[in-house]
Every structure is written in C-alpha cells, then in structure tokens.
Amino acid sequence: YTDRRVLDIALENGFESGEAFARAFKAAYKTSPSEYRKNRLDVFVSAKEKLEPGLLRHTARNITVHPKIVTLPDIKAAGLRGGTTLRDNKLRALWQRFNRVAHKVPNRAPNARGLGICESCNEGNTLYTMNRDVLFNEVAAVEVTGFEGLEAPFVPKVLKGGRYAVFTHTGSLRMLPRTFGYIWGTWFLNTRETLDCREDFELYDARYLGYDHPESKVDLYIPIV
C-alpha cells in the first residue's frame, strides 16, 4: 500500500530477490505483488478479522469450514436486479422488494428455491478488486422452468452448471459477512481448488427460517473449475 518498489520491500524483508518474493507472495495470495497493489484497497483476499472469541464461536458453530464439492446442471431463475456495495448494503431491501412481488413471476419451479445471485464477476471485477466500496449488482430471484411470459421489472438469469464449493451458513444473515470473510480470507488461500469466473450465489430453501432466526441455514455456492 505504498509507492516503494516491490524489490526494495522484498530485500528489506529477507528475500534474496524480487523473483523469490513474487513466488512466495503468489503462493500465499494467488496473485503477483504488482497485481495485488494495483487496487490498494481492503480486498477480500487475505482479509482477516482479529481472532476474538465471537469470531471463533462463529467459525466453530455457524460455518461448515470444509465445503461440499458438488456438480450442478444449469439453473434458470427470474427476479429483481439491484445495485449495492458491501459497505452500504442494500440487499435486505432488495429482497423485501422482491418478496412483495415474487408471486407474479411466471413458470415458478415446483418447490422453487430462492437464489441471491452476485453478478460482480460479469462487470469486470475480480476477487482481487472486490472490496467493501465496489458497486456490484445482485439479483434476488426464484427458480423457474422457463422464461415465457416474463416481463419487466423481472430479469431472466441462467446460472451456468459446473462444479461448486458449497458452504452452509447458520444463524442470522447479519453475520453473513463473517462467513464470507472466512471463505475468502482463509479457505481460498489454503484450498487446492481454482475459482471459476461464474456467478456465486446464495440458496434459500426450506431450511431458511428468517433473517434473524438462530437456526436458519443458507447455502453459499462458490464456482470452481
């Protein structure tokens, strides 16, 4: 986060060359020092909260720290699109607006599940530029069997099939940022899986019991190659 040469930083911290530092940095953060510093913001990769008792309890009780790896077919969905940042989070308001009109979505699938689809990957963002101030779109949606008769303000979405790492978040959605913090700040840096630039999404089924319900469960799908 300075203007100093990467080489000078490397030598000052015990590396014999800039190349050795770059290899070690990329092994830890999955990108080069020069690419990482371009953003100069608090990005998700490597971001770790102070390890205090509340975070320890959340990690132990409210997150499946080892995700399931699943392969999904394409999923069709329809819903409302809204813009937000994580600092000024407007997702709850988007879902409230969608829930008021969700019954108007045609061709709802039997036992249709809710889907919170993050479109950041389609807007030129990457994991290394995403931070709390980056504007991205989210689609609050429900599963459908087709798009016939779908009219504005609803938008169609097709989630591409493939492999996903699936984490389960338990409890209030107010704590969801801590779960994502674990995924990007701990799991991602240690996994052998490679991210794919498909849309990640949240899945709400019968286990979702309400925004603040302590026993509510939401699955988080992270696309992998």
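**View 1. Arg198 and Arg92 each sit over a tyrosine ring.** The charged end of Arg198 is placed over the ring of Tyr164, 4.6 Å from its centre. Here, "over a ring" asks that NZ of Lys or CZ of Arg be within 6 Å of the ring centre and within 35 degrees of the ring normal. Arg92 does likewise with Tyr211, lying over its face at 3.8 Å from the ring centre. A word on what you're looking at: this is a predicted model, where local features need pLDDT of at least 70, side-chain atom pairs count only at pLDDT 80 or more, and totals for chains, interfaces and linings use all residues. Residues are numbered from 1 along each chain as its sequence is written, and side-chain values use heavy atoms, with hydrogens and water left out.

**View 2. Trp184 and Phe188 make an edge-to-face pair.** Rings of Phe, Tyr and Trp (its six-membered ring) pair if their centres lie within 6.5 Å; planes under 30 degrees apart are stacked, over 60 edge-to-face, and the rest tilted. That rule gives ten aromatic pairs. In the one formed by Trp184 and Phe188, the centres are 6.1 Å apart and the planes meet at 70°. These two residues sit about one helical turn from each other, because they are four residues apart in helix H6 (residues 176-190). Helices (H or I, at least four residues) and strands (E, at least two) are DSSP runs, numbered from the N terminus. Both Trp184 and Phe188 are buried; buried means under 20% relative accessible area, exposed over 50%, and partly exposed in between (1.4 Å probe, protein chains only).

**View 3. Helix H5 has its buried residues on the same side.** In H5 (residues 91-101), Leu91, Leu94, Trp95 and Phe98 are buried. They cover an arc of only 95° around the axis, so they end up on the same side of H5; the arc is taken from the directions from the helix axis to the C-beta atoms. The buried residues of H5 pack against strands E2 (75-84), E3 (114-118), E4 (136-143) and E7 (201-204). Look, too, for the cluster in which ring pairs link Trp95 and Phe98 with Tyr204 and Tyr208.

**View 4. Helices H4 and H6 cross roughly at right angles.** H4 (residues 53-61) packs with H6 at an angle of about 80°, their axes 10 Å apart. Axes are lines fitted to C-alpha atoms, for helices over the stretch in contact, and angles run from 0 to 180 degrees between N-to-C directions. The two helices therefore count as roughly perpendicular, the class for 65 to 115 degrees; under 35 is roughly parallel, over 145 roughly antiparallel, and the rest oblique. Gly54, Leu55, His58 and Thr59 of H4 meet Arg178, Thr179 and Tyr182 of H6, where contact means heavy atoms within 4.5 Å.

**View 5. Two loops hold some backbone oddities.** Most residues other than glycine have a negative phi, and most peptide bonds are trans. Ala152 and Pro153, though, are joined by a cis peptide bond, with omega about 10°. Pro153 is in the loop between E4 and strand E5 (155-159). In the loop between H5 and E3 you'll find Asn107, whose phi is positive, near 60°, and also Asn111, with a positive phi near 50°. Asn107 is partly exposed at 30% relative accessibility, while Asn111 is exposed, with a relative accessible area of 74%.
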